[in-house]
Amino acid sequence: MLPALAGANLIYGMGMLESGVTWCHEQFMIDNDIVKMVKRAIQGIAVNEDSLATELVKRAHEIKDFLHQKHTVQHMKEQSKSKLIDRTSRGTWETKAGGTDMTQRAKAEVKRVLKEHKPDQLSDGVKKTLRDIVEDVAKKRKENPKSHHQE
């Protein structure tokens with residue numbers, strides 16, 4: 001969170017264990033969940049009629065309890081949305097979620113993504129740019145085969 005608040009826009013090490021020696025799909029899913037929450041937090045809070053709940057505030061005398069209002073619940077869920085963190089009570093967690101821990105939920109998410117995800121294809125322009133870079137490096141190495149060892 002602190003680097004993001006300071007303006008960093010690169011997260012390094014997602015999914016890595018043992019200082020990057022080991023890769024773990026489940027850790028990547030957990031890290032991804034955390035990064036999504038950090039990105040949401042640094043967006044800040046919009047100040048408008050909806051976020052200020054002006055309609056609810058106008059009815060404060062009859063509502064008396066803002067925490068159980070649909071609007072409040074919706075905005076709180078949006079603020080801390082997570083696929084892997086289970087914030088339910090222990091009883092609900094044990095019965096409805098089967099008592100799974102975060103790593104087990106991450107493993108299930110890994111399986112789902114590997115089965116269902118269809119990545120967008122690179123555009124022809126991006127493919128050409130990548131091809132040009134590779135060809136340029138290959139050409140330079142061919143022209144001066146020993147120079148790449150000094151890079």
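Me: In this predicted model, a helix is a DSSP run of H or I with at least four residues. What makes the place of leucine 2 a helix?

Reply: Leucine 2 is found in helix α1, which covers residues 2-5. That run satisfies the at least four residues asked of a helix, so the name α1 applies.

Me: And why is leucine 2 called exposed?

Reply: Exposed means over 50% relative accessible area. Leucine 2 has 68%, so it counts as exposed. As for where it sits, its C-alpha atom is 34 Å from that of glycine 91, 89 residues away along the chain.

Me: Let's zoom out. How many helices and strands does the protein have?

Reply: There are 8 helices and 2 strands. Starting at the N terminus, their order is α-β-β-α-α-α-α-α-α-α.

Me: How do you know how the protein compares with a compact globule?

Reply: For 151 residues, a compact globule would have a radius of gyration near 15 Å, while the protein has 24 Å. The C-alpha trace spans about 80 × 40 × 30 Å along the principal axes. What's more, 15% of the residues count as buried.

Me: Why is threonine 72 called buried?

Reply: The cut-off for buried is under 20%. Threonine 72 comes in at 18% relative accessibility, so buried is the right word. You'll find threonine 72 in helix α5, residues 70-79. Leaving aside residues up to four places away in sequence, it touches Leu56, Phe66 and Leu67.

Me: What makes glutamate 109 buried?

Reply: Its relative accessibility is 13%, and buried means under 20%, so glutamate 109 qualifies. This residue belongs to helix α7, residues 102-116. Its partners beyond four places in sequence are Met29, Lys83 and Leu84.

Me: Why is aspartate 132 called partly exposed?

Reply: Partly exposed is what lies between the buried cut-off of 20% and the exposed cut-off of 50%. Aspartate 132 has a relative accessible area of 36%, so it belongs in that middle class. It is part of helix α8, residues 124-143.

Me: How do you know that the side chains of aspartate 132 and lysine 128 make a polar contact?

Reply: The distance between the two side chains is 2.7 Å. A polar contact needs a pair of N or O atoms within 3.5 Å, so this pair passes on distance.

Me: What is unusual about phi in glutamate 18?

Reply: Most residues other than glycine have a negative phi. Glutamate 18 isn't a glycine, yet its phi is positive, about 55°. It lies in the loop between β1 (16-17) and β2 (22-23). With a relative accessible area of 57%, which is over 50%, glutamate 18 is therefore exposed.

Me: What about alanine 53: buried or exposed?

Reply: Alanine 53 has 14% relative accessibility, which is under 20%, so it counts as buried. Its place is the loop between α2 (25-42) and α3 (54-58). Its phi is near 55°, a positive value in a residue other than glycine.

Me: Last one, on charges. How many positive and negative side chains are there, and how far apart are the centres of the two sets?

Reply: The protein has 27 positive and 22 negative side chains, with the two centres lying 3 Å apart. As for the surface, about 12,600 Å² is accessible, and 58% of that belongs to carbon and sulfur atoms.

Terms used:
Residues are numbered from 1 along each chain as its sequence is written. This is a predicted model: local features need pLDDT of at least 70, side-chain atom pairs count only at pLDDT 80 or more; totals for chains, interfaces and linings use all residues. Side-chain values use heavy atoms; hydrogens and water are left out. The radius of gyration is taken over C-alpha atoms; the globule rule is 2.2 Å times the number of residues to the power 0.38. Buried means under 20% relative accessible area, exposed over 50%, partly exposed in between (1.4 Å probe, protein chains only). Accessible areas come from the Shrake-Rupley method with a 1.4 Å probe; for residues, only the protein chains shown count as cover. Lys and Arg count as positive and Asp and Glu as negative; His and the chain ends are not counted. The place of a charge is taken as NZ of Lys, CZ of Arg, CG of Asp or CD of Glu. A polar contact is a pair of N or O atoms within 3.5 Å; within protein, one must be able to donate a hydrogen and the other to accept it, and residues adjacent in sequence count only if both atoms are side-chain atoms. Contact means heavy atoms within 4.5 Å.
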